[in-house]
Amino acid sequence: MSKTAVYPGSFDPITNGHIDIINRGLRIFDKIIIAVGYNPTKEALFTVDERVEMIREIVVDNKRLEVESYEGLLVDYLINVNANVILRGLRAMSDFEYEFQLALMNRRLDRKIETVFLMTGSKWFYCNSRIIKEAASFGGSVRGMVPDDILHKLKERFPKLRENCGRKRRRSP
Ligand code: ADP
């Protein structure tokens, strides 16, 4: 029996931290549905449709990945797509409390649904869409933190965005 997980999130925009969770999730699940949620509490840079389109362009070659948007209760969406596993990533303590509450709430809403957490890769510990947007809006390079296609989209929104990290080489004393 093939096992499907739903990886829900804002993905505004998708980062290399998200991609790491997806790639590792594919070692556990046969199929992952990346589900871009409408979140009225978060001010978004890209519309949900733009985010779905951007992620589709990145994962197009992988037949085990699907990208969709959803609105409303996540557990209802899972029932619609015939899945019972939610995949989430965990970074720091700050993620933990929210993720813990969310997982318990979803389980309360539907006992058959389980949330599986993957710990962030150490490289992506600080990789977060909000910080990336903040840095990019002030022109700071975010190369290496997002896929190149996303870098181009960010550059369209933030023309001042630098292409490379502006770290200067240290001169010898
Ligand atoms: P949300 O709107 O729920 O915060 P996000 O788009 O920020 O959704 O993230 C979706 C999921 O991916 C969440 O479980 C989040 O913790 C996880 N995630 C985001 N960035 C990383 C990262 N760098 N490493 C591991 N997990 C991450």
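Pro 13 is found in the loop between β1 and α1, and in this predicted model the peptide bond that leads from Asp 12 to Pro 13 is cis, with omega near 0°. The loop between β1 and α1 is also the place of Phe 11, a residue other than glycine whose phi nevertheless has a positive value, near 50°. Phe 11 is buried, because its relative accessible area is 3% and the cut-off for a buried residue is under 20%.

A positive phi, of about 65°, also belongs to Asn 82, although Asn 82 is not a glycine. Asn 82 has its place in the loop between α3 (74-80) and β4, and it counts as exposed because its relative accessibility is 69%, where exposed means over 50%.

From these loops we can turn to the ligand, which takes up the space of the largest pocket. The elements that each give two or more residues to the shell around the ligand are β1 (4-9), α1 (16-25), β4 (85-90) and α4 (93-109). The shell residues divide into seven nonpolar, six polar and five charged, and of the 18 residues around the ligand, those that come nearest are Tyr 7, Ser 10, Lys 42, Arg 88 and Gly 89.

Which side chains have an N or O atom 2.6 Å, 2.8 Å or 3.2 Å from an oxygen atom of the ligand? The distance of 2.6 Å belongs to the side chain of Lys 42, that of 2.8 Å to the side chain of Arg 88, and that of 3.2 Å to the side chain of His 18. Taken alone, the ligand exposes 550 Å², and the protein buries 92% of that area.

Notes:
Residues numbered from 1 in each chain as written. Predicted model: local features only at pLDDT ≥ 70, side-chain atom pairs only at ≥ 80, totals over all residues. Heavy atoms only, no water. Near = heavy atom within 4 Å. Polar contact = N/O pair within 3.5 Å; in protein donor to acceptor, adjacent residues only side chain to side chain. Areas by Shrake-Rupley, 256 points an atom, 1.4 Å probe, with all protein chains shown as cover. 1 Å grid on protein atoms, 1.4 Å probe; cavity = no way out; pocket = protein on both sides within 12 Å on 5 of 7 lines; lining within 4 Å. Sits in = over half its atoms within 2 Å of the grid points. Helix = DSSP H or I, 4+ residues; strand = E, 2+ residues; numbered from the N terminus. Nonpolar A, V, L, I, M, F, W, Y, C, P; charged D, E, K, R; others polar. Buried < 20%, exposed > 50% of the residue type's maximum accessible area, 1.4 Å probe, protein only.
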